[in-house]
Amino acid sequence: MSYPDSESKSARLYERARAVLPDGGSRSSIRMLPYPLYLASAQGKHVVDVDGNEYVDFNNNYTSLIHGHSHPAIVEAVSRQLAHGSAYAFLNEAEVALAELLCGRVSGFDQIRFMNSGTEAVMNAVKAARAYTGRSAIAKCENAYHGTFDTVEVSLGVEPTVLAEGDPPSRPGSPGTPQGVMDDVVVIPFNEPVAAERILTANATRLAAVLIDPFGTGMGRVLPSDGFLEMLARFCKAHGVLLLLDEVVSFRAGYAGSQGARAIPADLTALGKIMGGGFPVGAVAGRADVMAVFADGADGTPARLHHAGTFNANPITMVAGLKAMELMTESEFDRINALGDAFRAGITEVLSLTNTSGEGAGHYSVFSVAVDDPELARPRDRNKAMESNGLHRYMLNHGYFLSSGMMGVISTVMDTADVDPFCQTLLDGIRSLKGRV
Ligand SMILES: Cc1ncc(COP(=O)(O)O)c(C=O)c1O
């Protein structure tokens, strides 16, 4: 593998693709310069590109693949279902079984409703909070990523506000965002409980929900502090505002998600990623009285929130998600979280051996090579496209596919035997790049 190579099939496909797909693809998140890789196949922890190069996949579809690619049990369950239909307008038993499994695991989930992406989950959770409270505004942290619709893209990818100079403004995520959308988003500074509480209190009577991601996606993957979470929970309870947890990514933290691991009293939760077993999925789960907004009244009065979707709870996603979550026992969560610790320790050791400033960062089953050396990587430069230079490119050319920010996502098909080869490649990479400097 020698990236970049203008003669490669990926490079040529990119040229071809750009004529018909803006930027050659359909996801802003997977851009790579000078061209992205096109994959031909994937199995277990490996992916193979169209030029035949094999990589250990530490991206795992941006955290969604908790069992790697094409896990045999999921392939079997989906294949069996495929022969009996992929989508139909009526309900299916797997939907009930997956709902029972998730509600059985998480004490804050009385009921759940399925949809097809994390974006849809956050969007429907916001709508549910509005329908429940009758209020229109929501609060979110500056730079927090919650998917791709205009409300949650307010103040995303912006220079963090210096609090001494004023409170964070609502900035549009894209040109033409209606002013009304901005007016209904209260932006709070992340992990700044005092300033955030002051801003929330000033807007308390118009807030339907406070939206928070326990993994800090978009904010350098720093976890919200206990003090910050406690303040949000206290504020919400005092003012009748819903605490809306975005667990689209952070649900992989444990058997009952981050809310179980950190005792976060969520009223409503948005889910996605791992609970679809590799297929498109989203869900809103929460307290029965809040989830009641989705239900028609016993007397036939229509639901406060109409929620339809052609592919909602389709049986393919439901059987895949059910199998994936059944395989995720408490001990499997513990095992991959411990594997995350092992990668972090190994990376920190490599950085210390090479006198490189930085650390093995991240949490639970997500790690990152956080190097403070611009010659090697730019891990904290979170809003840039995948750099594919420096250390990232070295790792790619030596068989490791990491995400932007040198992030690695662990799946259950990985084990402790994967740590040393990865760390050895990292060590060789840093030595060879530093030798060149
Ligand atoms: C925290 C968070 N929320 C929501 C989303 C949106 O999920 P999806 O990409 O499935 O729409 C993502 C996606 O990465 C995410 O990281």
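When I call a residue buried, I mean that it has under 20% relative accessible area. Keep that in mind, everyone, as we look at this predicted model.

Let's start with strand 12, which runs over residues 366-371. How many of its six residues are buried? Six of the six are, so to speak, under cover by that cut-off, and the strand is mostly covered. In a regular strand the side chains alternate between the two faces of the sheet. Here, Val366, Ser368 and Ala370 point one way from strand 12, while Phe367, Val369 and Val371 point the other way. Both sets are buried.

Now, who are the partners of strand 12? One of them is strand 11, residues 358-363, and the two pair in the antiparallel sense over six bridges. If you want a place to put your finger on the screen, glycine 360 stands opposite valine 369 in strand 12. These two strands form a hairpin with two residues between them. Have a look at tyrosine 364 in that turn, where phi is positive, at about 55 degrees.

Strand 12 also pairs with strand 14, residues 407-409, again in the antiparallel sense, over three bridges. There you can find valine 366 opposite valine 409 in strand 14.

Let's move to another sheet. This one is open, has four strands in the order 1-2-3-13, and its pairing is mixed. Which strands stand at the edges? They are strand 1 (39-43) and strand 13 (400-401). Each has a single partner strand, so one side of each is left without a neighbour in the sheet. Within this sheet, strand 2 (residues 46-49) and strand 3 (residues 54-57) pair in the antiparallel sense over three bridges. Valine 48 stands opposite glutamate 54 in strand 3.

Finally, on to a pair of helices. The axes of helix 3, residues 72-82, and helix 11, residues 315-327, come within 9 Å and cross at roughly 155 degrees. Why do we call them roughly antiparallel? Angles over 145 degrees count that way, and therefore helix 3 and helix 11 qualify. Helix 3 passes helix 11 in a right-handed crossing.

And what meets what there? From helix 3 we have Ala73, Ile74, Ala77, Val78, Gln81 and Leu82. They meet Pro315, Ile316, Val319, Ala320, Lys323, Ala324 and Leu327 in helix 11. By class, this contact of helix 3 with helix 11 has 11 nonpolar residues, one polar and one charged.

That's my tour, thanks for listening!

Key: Residues numbered from 1 in each chain as written. Predicted model: local features only at pLDDT ≥ 70, side-chain atom pairs only at ≥ 80, totals over all residues. Heavy atoms only, no water. Axes fitted to C-alpha atoms, helices over the stretch in contact; angles between N-to-C directions. Parallel < 35°, antiparallel > 145°, perpendicular 65-115°, else oblique. Left-handed = near helix turned anticlockwise from the far one by under 90°. Contact = heavy atoms within 4.5 Å. Nonpolar A, V, L, I, M, F, W, Y, C, P; charged D, E, K, R; others polar. Buried < 20%, exposed > 50% of the residue type's maximum accessible area, 1.4 Å probe, protein only. Pairing = 2+ DSSP bridges.
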